[in-house]
Structure formats: structure tokens, C-alpha cells
Amino acid sequence: TATFVGPDGFTFEREVVRHPGAVCVVPLEDDGRHVLMIRQYRGAVDQAILELPAGKRDVADEDPALCAARELVEEVGREAASMKEVARFYNSPGFVDEETICFLAEGLTECARDAHGVEEEHLTLERISLSDIEELMAVGDLIDAKSIIGLLAARAALGWAARPPVRLPGSVP
């Protein structure tokens with residue numbers, strides 16, 4: 001529990017979770033149109049979730065780009081020639097101070113995966129088109145916030161124009 005003084009001088013308490021921060025990676029394939037994502041089981045929601053590779057910044061004083069490069073090897077089995085930061089965001093600032101830094105990884109080369117933990121040992125790789133993000137969200141297959149933010153930020157960094165919203169059959173325009 002932490003005590004805060006609000007903008008109006010009012011004192012209040014909140015439960016706060018302290019977190020070392022995280023990284024996520026958008027692994028862009030050489031065609032510039034597809035990315036590699038993972039699908040892994042998440043116990044908190046009891047389902048396999050489509051996600052960008054990501055991980056906790058749990059090595060003291062490590063450069064976030066190096067952390068992202070390590071996660072890319074561990075989860076996807078790829079090394080990147082370049083890592084460009086495309087976004088920073090707080091995941092849920094109402095109760096946790098976790099900041100995620102998202103990188104666009106380009107110039108991928110295959111390497112041996114270095115899986116850590118039961119989730120990484122059983123994850124699967126999926127090739128996703130950057131043009132399918134809105135549709136994947138609309139049908140409920142892309143529900144992970146860091147992945148949505150990271151994919152949209154990467155698309156913007158690559159100069160993709162905004163797309164019109166996807167209309168599901170039976171939806172009201």
C-alpha cells in the first residue's frame with residue numbers, strides 16, 4: 001500500500017505493484033509484410049494467447065534492446081541485425097508501474113531457440129500479416145494489449161497508412 005497526494009491536495013492510498021519493466025519485439029520478416037508471433041498458454045487467463053515475443057527486464061542495468069534480443073532468441077529462435085524502439089507504454093498504470101518498451105526487429109536470421117520455463121517450451125510460432133491486425137482483433141484472436149500496441153506502432157514506424165475498421169457480418173456501420 002502506498003500513500004499519494006493528488007493534484008487537489010487530497011491524500012489517498014492505493015495498492016501498487018512494483019515491476020522492473022518489460023520488452024516486446026515485433027520480428028519483421030524480410031518481405032516487410034509479415035511478422036513472427038508466438039502462441040503460448042497463459043495460466044492467468046487459462047488459454048493460449050497470440051502474442052509478440054516479450055519478457056521481463058529482470059537483469060540489472062541491461063540495455064532494453066539487449067533484453068529484447070535475448071527474448072527473440074529464447075522464444076522465436078531468431079537474431080536481428082537491427083532493433084529499433086517503436087513504443088513505450090504503461091501496461092496498467094492504475095495499479096502497477098510496469099513500463100514496456102517495444103522494438104521492431106529487422107534482418108532476422110534463424111538460430112537455436114533457448115526456451116526457458118514451461119510456457120516457452122510449449123509455445124508455437126505463427127506467421128501473421130501486418131495487414132490482418134484489425135481483423136484478428138475483431139474476431140477475438142488478437143487480445144493481448146502489448147501485442148496490439150506493438151504491432152500498430154511497428155506498422156506506423158514502417159510507414160503503413162491507417163486502414164478502415166473491419167466490419168464483421170451483421171455489425172452496424
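Here are some notes on this predicted model, written as numbered points to read beside the structure.

1. **Strand E4 and its neighbours.** A good place to start is strand E4, which covers residues 34-42. Seven of its nine residues are buried, so the strand is largely enclosed by the rest of the structure. E4 has a pairing with strand E9 (residues 124-129), antiparallel and made of six bridges. To find this pairing on screen, look for Arg 39, which stands opposite Thr 124 of E9. E4 also runs antiparallel to strand E5 (residues 47-51), and five bridges join these two. A handy marker here is Tyr 41, whose bridge partner in E5 is Ala 48. As background, side chains in a regular strand alternate between the two faces of the sheet.

2. **The turn between E4 and E5.** E4 and E5 form a hairpin with four residues between the strands. Asp 46 sits in this loop. Its phi is positive, about 50°, although Asp 46 is not a glycine. Is Asp 46 buried or exposed? Asp 46 has a relative accessible area of 56%, and since the cut-off for exposed is over 50%, Asp 46 counts as exposed.

3. **The second largest pocket.** This pocket holds about 250 Å³ of space. Its lining consists of Arg 42, Ala 44, Val 45, Ile 49, Glu 51, Ile 143, Asp 144 and Lys 146. How do these lining residues divide by type? Four are nonpolar and four are charged, with no polar residue in the lining.

4. **A salt-bridge network.** Which residues are linked in a network of salt bridges? They are Arg 42, Glu 51, Asp 144 and Lys 146. Each of these names also appears in the lining of the second largest pocket. Arg 42 belongs to the residue range of E4, Glu 51 to that of E5, and Lys 146 to that of helix H4. In general, side chains of opposite charge can pair when their charged atoms come close.

5. **Helix H4.** This helix covers residues 145-157, 13 residues in total. From its first C-alpha to its last it reaches 18 Å, close to the 18 Å expected at 1.5 Å a residue. Its buried residues are Lys 146, Ser 147, Ile 148, Gly 150, Leu 151, Ala 153, Ala 154 and Arg 155. It may help to recall that an α-helix has 3.6 residues a turn, so residues three or four places apart point the same way. Just after H4, Gly 159 takes a positive phi of about 85°.

6. **Asp 58 and Arg 70.** The model has 14 salt bridges by the rule used here. One of them joins Asp 58 to Arg 70, with the closest N and O atoms 3.8 Å apart. Asp 58 lies in the loop between strand E6 (54-56) and helix H1 (64-76), while Arg 70 is in H1, so the pair ties together parts that are 12 residues apart in sequence. Asp 58 is exposed at 52% relative accessibility, whereas Arg 70 is partly exposed at 25%.

7. **Asp 61, in the loop between E6 and H1.** Asp 61 is found in the loop between E6 and H1. Asp 61 has a positive phi near 60° and is a residue other than glycine. With a relative accessible area of 83%, Asp 61 is exposed.

8. **Arg 88 and its two partners.** Arg 88 forms a salt bridge with Glu 85, where the closest N and O atoms are 2.7 Å apart. Arg 88 also forms one with Glu 99, at 3.6 Å between the closest N and O atoms. This second pair links distant parts of the chain, with Arg 88 in strand E7 (residues 78-90) and Glu 99 in strand E8 (residues 99-110), 11 residues apart. Arg 88 is partly exposed at 47% relative accessibility. Glu 85 is partly exposed at 36%, and Glu 99 is partly exposed at 22%.

9. **The E1 and E2 hairpin.** Strand E1 (residues 2-5) and strand E2 (residues 11-14) pair in the antiparallel sense through four bridges. Thr 3 stands opposite Glu 13 of E2. Five residues lie between the two strands, and Gly 9 in the turn has a positive phi of about 90°.

How values were computed. Residues numbered from 1 in each chain as written. Predicted model: local features only at pLDDT ≥ 70, side-chain atom pairs only at ≥ 80, totals over all residues. Heavy atoms only, no water. 1 Å grid on protein atoms, 1.4 Å probe; cavity = no way out; pocket = protein on both sides within 12 Å on 5 of 7 lines; lining within 4 Å. Points joined across faces, edges and corners; volume = space filled by probe spheres on them. Nonpolar A, V, L, I, M, F, W, Y, C, P; charged D, E, K, R; others polar. Buried < 20%, exposed > 50% of the residue type's maximum accessible area, 1.4 Å probe, protein only. Pairing = 2+ DSSP bridges. Salt bridge = Lys/Arg side-chain N within 4 Å of Asp/Glu carboxyl O. Expected span 1.5 Å × (residues − 1).
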